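Biologist: I'm new to reading structures, and I'd like a close look at one part instead of a quick tour of everything. Please pick a helix, tell me what sits around it, and then follow the trail outward.

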Amino acid sequence: MSIVIRDVREHELDSILALNNAAGPTILPLDAARIRRFHDTAEYFRVAERDGALAGFLVGLGSDAEHDSSNFHWFRAHCERFFYIDRIVVASRRRGGGVGRAFYADAQSYAELRYPQLTCEVFLEHDADPVRLFHGSFGFREIGQHVMPENGIRASMMAKDMCSYEWVRETYAEELPDQPWLLRPRVALAESSAA
């Protein structure tokens, strides 16, 4: 019954693509090339396993990432430095079982050491109240709305301040200690910007 959050493995990309595209209207569809790009460049791309089976995934990007999402660019125009949750998908049979909460705890643990804000969007169509409530329970607040020009979908643009960030920066600057429990970026920032 335990939930294990870990980095994605390349052989799982087809399963992740299928999971994404079966998620329904609250998640934008992807193609194989986009999943591959996330695999090759995303700073944070992790999956959840429950009882040994794939239960979901989360993709996150730092504010300096090369990303073509209009929502990402909205945050870039309105926030100085942030960690952006591009998408979180939980398998329908696993919803309500704590997978989403486990993902957000893991993503926050990663982000709060590196970024002053955690950001995401929630589409306002398709009965968004449960999703907005979920995010509000984690301390997110709406900082604006954005209509995506590519599809006309209105999104609630949400942000959460990372209360540990200032202390970590003042204490460690950019040199975080080498501890086994401290998550590292999947792709070194220098490597991703050189690519």
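Modeller: Start with Ser-70, which counts as buried because its relative accessible area is 15%, and the cut-off for buried is under 20%. Keep in mind that we're looking at a predicted model. Ser-70 belongs to helix H3, which covers residues 70–78.

What does the side chain of Ser-70 pair up with? Its partner in a polar contact is the side chain of Glu-150, at 3.1 Å. If you skip the neighbours within four places in sequence, the contacts of Ser-70 are His-146, Met-148, Pro-149 and Glu-150. So Glu-150 turns up both in that contact list and in the polar contact, while Ser-70 itself is buried at 15%.

Now slide along H3 to the rings. When you look at two aromatic rings, you describe the pair by the distance of the centres and the angle of the planes. The model has 15 aromatic pairs. One of them joins Phe-72 and Phe-82: the centres are 5.6 Å apart, the planes sit at 65 degrees, and the pair is edge-to-face. Phe-72 is in H3, whereas Phe-82 is in the loop between H3 and strand E4 (83–90), so this pair links parts of the chain that are 10 residues apart. Are these two rings buried or exposed? Both Phe-72 and Phe-82 are buried.

Phe-82 has another ring partner, Phe-75. Here the centres are 6.0 Å apart with 45 degrees between the planes, which makes the pair tilted. Phe-75 counts as buried because its relative accessibility is 0%, and Phe-82 is buried because its relative accessible area is 0% too. Put these rings together with Trp-74 and Tyr-84, and you have one aromatic cluster: Phe-72, Trp-74, Phe-75, Phe-82 and Tyr-84.

H3 also leads us to some empty space. If you roll a probe the size of a water molecule over the atoms, you find where space is left. In this model the largest pocket holds about 950 Å³. It is lined by 39 residues, and the closest to its centre are Thr-26, Ile-27, Ile-88, Val-89 and Val-131. H3 is among the elements that give two or more residues to the lining, along with E4, helix H4 (99–111), strand E5 (117–123) and helix H5 (129–137). Which element gives the largest share? That's E4, with seven residues. By type, the lining splits into 20 nonpolar, 11 polar and eight charged residues.

Let's follow H5 for our last stop, since it is one of those lining elements. His-135 sits in H5, and it counts as buried because its relative accessibility is 5%. Beyond the neighbours within four places in sequence, His-135 is in contact with Tyr-104, Cys-120, Val-122, Phe-140 and Met-158. Take Met-158 from that list: it is 23 residues from His-135 along the chain, yet their C-alpha atoms are separated by 8.2 Å.

So, to retrace the trail: we began at Ser-70 in H3, passed through the aromatic cluster that includes Phe-72 and Phe-82, looked into the largest pocket with its 39 lining residues, and ended at His-135 in H5.

Key:
Residues are numbered from 1 along each chain as its sequence is written. This is a predicted model: local features need pLDDT of at least 70, side-chain atom pairs count only at pLDDT 80 or more; totals for chains, interfaces and linings use all residues. Side-chain values use heavy atoms; hydrogens and water are left out. Rings of Phe, Tyr and Trp (its six-membered ring) pair if their centres lie within 6.5 Å; planes under 30 degrees apart count as stacked, over 60 as edge-to-face and the rest as tilted. Helices (H or I, at least four residues) and strands (E, at least two) are DSSP runs, numbered from the N terminus. Buried means under 20% relative accessible area, exposed over 50%, partly exposed in between (1.4 Å probe, protein chains only). A polar contact is a pair of N or O atoms within 3.5 Å; within protein, one must be able to donate a hydrogen and the other to accept it, and residues adjacent in sequence count only if both atoms are side-chain atoms. Contact means heavy atoms within 4.5 Å. On a 1 Å grid over the protein atoms alone, a cavity is a set of points where a 1.4 Å probe fits but cannot get out, and a pocket is an open set with protein on both sides within 12 Å along at least five of seven lines; lining residues have an atom within 4 Å of a point. Grid points are joined across faces, edges and corners, and a volume is the space filled by probe spheres set on the points. Ala, Val, Leu, Ile, Met, Phe, Trp, Tyr, Cys and Pro count as nonpolar, Asp, Glu, Lys and Arg as charged, and the others, Gly among them, as polar.
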